[in-house]
Amino acid sequence: MNWTAIAAVLLALAVAFGAFGAHGLRGRIDDYSMSIYERAVFYHFVHALGLLIISLIPRVPAAVGWLLIAGIVLFSGSLYLLAITGVRTLGAVTPFGGVAFIAAWALLAWSAMKKG
């Protein structure tokens, strides 16, 4: 996988989604929904940046990258949709994304300790 390219696309999307939230959603959704949307952008950006960083580390298990992508889609994706639609049941998906993030970082730590 070209993790650097995927990370760059995800980072571009994070900026675009952030701009959309700041300019396209401001005044259209309530403050609570805006805070949810901003949290989605923050986690999207941080984990896409994490994916970029791991792309520079030799011999990182591919599963780390896939878990980060899954986390962005599930965690941030569900929060984006929740904020925009107001459908609260989408919040049930968010923890699965959080687990994917935790698993990605734990796997990276395990892999680094195993090599070190």
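How many residues does helix H3 (residues 62-85) have, and how far does H3 reach from its first C-alpha to its last? In this predicted model, H3 comprises 24 residues and reaches 33 Å between those two C-alpha atoms, which is close to the 34 Å expected at 1.5 Å a residue. The axis of H3 nevertheless bends, by about 25 degrees, at Gly77. Beyond the end of the helix, H3 is followed by Gly86, a residue whose phi is positive, near 80 degrees.

The chain to which H3 belongs has a secondary structure of 4 helices and 0 strands, and its elements, read from the N terminus on, run α-α-α-α. Along its principal axes, the C-alpha trace of the chain spans about 50 × 25 × 20 Å.

The packing of the helices may be described pair by pair, beginning with helix H1 (residues 3-25) and helix H2 (residues 31-54), whose axes come within 8 Å and cross at roughly 160 degrees. Because angles over 145 degrees count as roughly antiparallel, H1 is roughly antiparallel to H2. The crossing in which H1 passes H2 is left-handed, and the contact of H1 with H2, sorted by class, has 19 nonpolar and 4 polar residues, with no charged residues.

For H2 and H3, the packing angle is about 165 degrees and the axes lie 8 Å apart, so that H2 is likewise roughly antiparallel to H3. H2 passes H3 in a left-handed crossing, and the contact of H2 with H3 has, by class, 18 nonpolar and 6 polar residues together with 1 charged residue.

The remaining pair to be described is that of H3 and helix H4 (residues 94-115), whose axes come within 7 Å and cross at roughly 155 degrees, an arrangement that makes H3 roughly antiparallel to H4. The crossing of H3 past H4 is left-handed. On the H3 side, the contact is made by Ala63, Val64, Leu67, Leu68, Ala70, Gly71, Ile72, Leu74, Phe75, Ser78 and Leu79. On the H4 side, the residues involved are Thr94, Phe96, Gly97, Gly98, Ala100, Phe101, Ala103, Ala104, Trp105, Leu107 and Leu108. Sorted by class, the contact of H3 with H4 has 17 nonpolar and 5 polar residues, and no charged residues.

Definitions and conventions. Residues numbered from 1 in each chain as written. Predicted model: local features only at pLDDT ≥ 70, side-chain atom pairs only at ≥ 80, totals over all residues. Heavy atoms only, no water. Axes fitted to C-alpha atoms, helices over the stretch in contact; angles between N-to-C directions. Parallel < 35°, antiparallel > 145°, perpendicular 65-115°, else oblique. Left-handed = near helix turned anticlockwise from the far one by under 90°. Nonpolar A, V, L, I, M, F, W, Y, C, P; charged D, E, K, R; others polar. Expected span 1.5 Å × (residues − 1). Bend = angle between axes of the 7 residues up to and from the residue. Contact = heavy atoms within 4.5 Å.
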